[in-house]
Amino acid sequence: MLKGSTTFITGASGGLGSACAKLFAKQGSNLVLFDKNENIVKLAEEIGTNVIAFVGDVTNEKDLQEAITLGITQFGSIENMICCSGIVRAGTITETEKSDWQHVFEVNVLGVYLSCKAVLPIMETQKYGRIVTVSSHFGLVGAPRLSAYIASKGAVIQLTKSIALDYGKKNIRANCLCPGMMKSDMFKGIIKQVGSSREWVDLMRGLPNGELEPDDIAKSALFLVSSAADTMSGSVLVADGGYTAR
C-alpha cells in the first residue's frame, strides 16, 4: 500500500508511534523515526532496512528540520507525517502549575505546529502530502483533573482543520486521529497521576470495547494516509471503542 513512500513519525518510541512504525514498514514505507527517547534506535534496528532514527526534541525547530533534511537526503521525499508526540500532566486548573501547563502545550500543540511547519514546504514542492495529527477522545469530551491535557488536545483538532483548509488545494490532506484509552505508557501515566478517584472509576466502568491496542489504532492512521481516505481532510476520526458514544 505504501511502497516507495516515506513516513515521518514523531513520538515514535511510544505505544502508538512504534505501532505505526511497524505497520507502515510492513506496508512498504520508508521511515524517519523521531523521538527524544533513544529507544527509537533499537526500534529502527528491529524494523531493519529503509529506516532512519533521529533522537530529537519535538519542540526544537532545528532538530525537526535536521531530521526532515536527513529523510529527504536518504529517501528523496516525505509523503506522510504522523504526529504522535504527547505528554500528560494531571490536575484541575488550580492544581496545575503554570510551568506544567506550558510544558503540556509546548509538546502537545507547539510540537504539532513545528512538525507540520517543517514538513509542509516539502509537501508543497511535491504537490502531495498526508498529515495525521493525534489528539484524543479527551479532545472531544471532558474528564476530571486533566485540564491542560484536554485543552491541548482540543487545540490539536482545530489546528488540523486549519492546515486542511490552508493547504488542501496543494493536494495536502490533514486529518486528526482521536484514540481512546490505549494500553500504553501514556494511559498508565494518566492513571498513575489521577489515581483511582470515584470519578475515574466511573469513567472506566463499562467501556464498550475495553482498553484498546495501539496496533489497532495504527490501522486507523494507515487508513487516513491511504487513497481510501482521499475524500477526507480536516476530519476527526474517533477510534475510541465506543467511549464517546455513551
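Start with Lys22 and Glu46: in this predicted model, their side chains meet in a salt bridge, with 3.7 Å from N to O. Lys22 belongs to helix α1 (residues 15-26) and Glu46 to helix α2 (residues 39-47), so the bridge ties together parts that are 24 residues apart in sequence. As for solvent, Lys22 is partly exposed at a relative accessible area of 36%, while Glu46 reaches 54% and counts as exposed. The cut-off for exposed is over 50%, so Glu46 at 54% passes it.

That pair belongs to a set of 7 salt bridges. Another one joins Arg145 and Glu95, with an N to O distance of 3.0 Å. Here both partners sit in loops: Arg145 in the one between β5 (129-134) and α5 (147-167), Glu95 in the one between β4 (80-83) and α4 (98-126), so this bridge ties together parts 50 residues apart in sequence. Arg145 is partly exposed at 29% relative accessibility, and Glu95 is partly exposed too, at 43%.

Now look at Asp230 and Arg173, whose closest N and O atoms are 3.3 Å apart in a salt bridge. Asp230 lies in the loop between α8 (214-225) and β7 (236-239), and Arg173 in strand β6 (residues 172-179), which puts the two 57 residues apart. What about burial? Asp230 is partly exposed, with a relative accessible area of 42%, but Arg173 is buried at 6%. This bridge has company as well: salt bridges that share partners join Arg130, Arg173 and Asp230 into one network. Arg130 has a further role to spot on screen, since its charged end sits over the ring of Tyr128, 4.2 Å from the ring centre.

From charges, move on to rings. The count of aromatic pairs comes to 4. In one of them, Phe34 and Phe54 have ring centres 5.7 Å apart and planes at 5°, so the pair is stacked. Stacking here requires planes under 30 degrees apart, so an angle of 5° qualifies. Phe34 comes from strand β2 (residues 30-35) and Phe54 from strand β3 (residues 51-55), and the two are 20 residues apart, so the pair links distant parts of the chain. Both rings belong to buried residues: Phe34 has a relative accessible area of 1%, and Phe54 has 14%. Add Phe8, and you have one aromatic cluster of Phe8, Phe34 and Phe54.

Trp101 and Phe105 make another stacked pair, because their ring centres are 5.4 Å apart and their planes at 20°. This one is a local affair: both residues lie in helix α4, 4 residues apart, or about one turn of the helix. Trp101 is partly exposed at 27% relative accessibility, and Phe105 is partly exposed at 24%.

Next, a polar side chain that is tucked away. Ser29 lies in the loop between α1 and β2 and is buried, with 4% relative accessibility. What lies 3.4 Å from a polar atom of its side chain? That is the backbone oxygen of Ser5. Leaving aside neighbours within four places in sequence, Ser29 is in contact with Leu2, Ser5, Thr6, Thr7, Phe24 and Asn50.

That brings us to the nonpolar interior. In soluble globular proteins, nonpolar side chains tend to be buried together. In this model, the largest nonpolar core has 34 residues, and the ones with the most contacts inside it are Phe8, Phe34, Ile68, Met81, Cys116 and Ile131. Phe8 and Phe34 are familiar from the aromatic cluster. Which elements give two or more residues to this core? They are β2, β3, α3 (61-75), β4, α4, α5 and β6. Helix α4 provides the largest share, 10 residues.

Ile68 is a handy place to zoom in. Not counting residues up to four places away in sequence, Ile68 touches Phe8, Ile78, Met81, Ala118, Val119 and Ile122. Apart from this core lies another one, of 31 residues, which includes Ile9, Val51, Val132 and Val225.

Note on methods: Residues are numbered from 1 along each chain as its sequence is written. This is a predicted model: local features need pLDDT of at least 70, side-chain atom pairs count only at pLDDT 80 or more; totals for chains, interfaces and linings use all residues. Side-chain values use heavy atoms; hydrogens and water are left out. A salt bridge is a side-chain nitrogen of Lys or Arg within 4 Å of a carboxyl oxygen of Asp or Glu. Buried means under 20% relative accessible area, exposed over 50%, partly exposed in between (1.4 Å probe, protein chains only). Rings of Phe, Tyr and Trp (its six-membered ring) pair if their centres lie within 6.5 Å; planes under 30 degrees apart count as stacked, over 60 as edge-to-face and the rest as tilted. A charge sits over a ring if NZ of Lys or CZ of Arg is within 6 Å of the ring centre and within 35 degrees of the ring normal. A polar contact is a pair of N or O atoms within 3.5 Å; within protein, one must be able to donate a hydrogen and the other to accept it, and residues adjacent in sequence count only if both atoms are side-chain atoms. Contact means heavy atoms within 4.5 Å. A nonpolar core is a set of buried Ala, Val, Leu, Ile, Met, Phe, Trp, Tyr and Cys residues joined through side-chain atoms within 4.5 Å.
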